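Reader: I have not read a protein model before. Please take me through this one with questions and answers.

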Amino acid sequence: MDAAFTTEQSEIRRTLHTALSRGVPPGPPGPDGHATGPGYDAGLWARLAEGLGLPGLALDEAYGGVGCGTVELALACEEVGRALVPLPLFATAGLAAPLITALGSERQRATLLPAVARGALTATLAVPGGGLATALALTGDNADGAWAGGGRAGGVQARPDGEGGWLLYGEAAQVLDGHSAGLLLVAAHAGGFARGRTLLFLVRADTARGLRRTRWTALDETRPQARVELRDARAELLGDDPHADVAAALAATGRTAAALLAAEAAGAAEAALDRTVAYVKEREQFGRAIGSFQAVKHRLADLYVRVQSARSAAYYAAWDPGAGGLALAQCLEALRILTGEAIQLHGGIGFTWEHEAHLYFKRAASDELLFGPVHRLRARAAETAGLFVPTAGTRKAVGV
């Protein structure tokens, strides 16, 4: 494996860094909490889509994409995390687009993916309850489909409408960009209790009746969430095969999504450290900059090591998404520790609305709630790697 970035990859990072350098939210949300808006700058999203092809970085050129891969998309996510700019990039390019590519019919791919690539269509994955991490197999096995709502009630239920389509009934909470996405990929339970299975359905927000979306007041305002209610909303099955292995596709998407989130967290951690270093160089106490005190230097040195270790893990996961879960655990832990220390080193201003340090702290807490916690990510990675499965020799030694 060649760990060096290519000229094209470095240019993607540089261009996006320049475009987002002035995009950090300056403080608290307005009086309405952005509750009536999309939660991101639609003009910026359009410019990034047209100029850089951001939503289509990892999409095949046959569908209007750039034809790059996970590494390039991870570098883009790192810069988005560094600037902490609200964008529907992760939900659209990290969750929805890979599932459409993996499970969608050729007609669906040809219709939806070009619109995604040019930024005209944003999309997201809607999972019942708070089971996004489980659905993506990040914190547990997703094969049984219990997270989608089993039996005759609970979660989101799907039934044929008698005209070749489907009707969905239920609700999903904590849907990333769910209030603004033009396309929802809804995980629903179909087939009743005895022959039930989990399938993915396409719901177009502009045409679906019985669809209600409400933006929530989230801990992290830079990653908007919504509650999606479906009351016999018309939907289309994703793909042609009603017996497709949806759990396997979700798990594969989860591995790549974990790598992208790890890169986001690493970028946010580095930005928080850079801002903290700049602050301690300027803030004076007892007639000298507080950064000149040895105790502060030691704390910053420890944080620097954490950031570099997190970046290394994130980059490795970008090359090998199989390591995404473990990398995400390391990067989320680094971000949580670093943002807490950053607030401490900023002193009284660190937790006020007037400073962006609290925004990075909220991103760390929110991401761990959505995709973790860290110890469960690590436990799942160990389970997947078979670390806790006794070998034949071990069983014989203990008399099993």
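**Around one threonine, then outward**

Reader: Leaving aside its neighbours within four places in sequence, which residues is Thr 92 in contact with?

Author: This is a predicted model, in which local features need pLDDT of at least 70, side-chain atom pairs count only at pLDDT 80 or more, and totals for chains, interfaces and linings use all residues. Residues are numbered from 1 along each chain as its sequence is written, and side-chain values use heavy atoms, with hydrogens and water left out. Contact means heavy atoms within 4.5 Å. With those neighbours set aside, Thr 92 is in contact with Ala 97, Pro 98, Val 116, Leu 121, Thr 122 and Ala 123.

Reader: Is Thr 92 buried or exposed?

Author: Thr 92 lies in helix α4 (residues 89–103); helices are DSSP runs of H or I of at least four residues, strands are runs of E of at least two, and both are numbered from the N terminus. Buried means under 20% relative accessible area, exposed over 50%, and partly exposed in between, with a 1.4 Å probe and protein chains only. Because its relative accessible area is 0%, Thr 92 is buried.

Reader: What separates the C-alpha atoms of Thr 92 and Thr 122?

Author: Along the chain, Thr 92 and Thr 122 are 30 residues apart. In space, their C-alpha atoms are separated by 5.6 Å.

Reader: Which backbone nitrogen does the side chain of Thr 92 reach?

Author: A polar contact is a pair of N or O atoms within 3.5 Å; within protein, one must be able to donate a hydrogen and the other to accept it, and residues adjacent in sequence count only if both atoms are side-chain atoms. A polar atom of the Thr 92 side chain lies 2.8 Å from the backbone oxygen of Pro 88. The nitrogen reached by this side chain, at 3.1 Å, belongs to Ala 123.

Reader: How many Å apart are the end C-alpha atoms of helix α7?

Author: Helix α7 (residues 246–282) has 37 residues. The expected span of a helix is 1.5 Å times one less than its number of residues, which gives 54 Å for α7. This agrees with the distance between its end C-alpha atoms, 53 Å.

Reader: How many of the 37 residues of α7 are buried?

Author: Helix α7 is largely enclosed by the rest of the structure. This is because the count of buried residues in α7 is 27.

Reader: Is Arg 311 buried or exposed?

Author: Arg 311 is in helix α8 (residues 294–319). Apart from residues up to four places away in sequence, it touches Arg 13, Glu 78, Ala 266 and Glu 270. Its relative accessibility is 17%, so Arg 311 counts as buried.

Reader: Leu 84 has a positive phi; what is its value?

Author: Most residues other than glycine have a negative phi. Leu 84, in the loop between α3 (70–83) and α4, is buried, with a relative accessible area of 0%. Although Leu 84 is not a glycine, its phi is positive, about 60 degrees.

Reader: Is Phe 286 buried or exposed?

Author: Phe 286 is found in the loop between β8 (284–285) and β9 (288–289). It is not a glycine, yet its phi is about 55 degrees. Its relative accessibility is 75%, so Phe 286 counts as exposed.

Reader: Which residue does a cis peptide bond join to Gly 372?

Author: Most peptide bonds are trans. In this cis bond omega is about 5 degrees. The partner sits in the loop between α10 (357–371) and α11 (374–385), and it is Pro 373.
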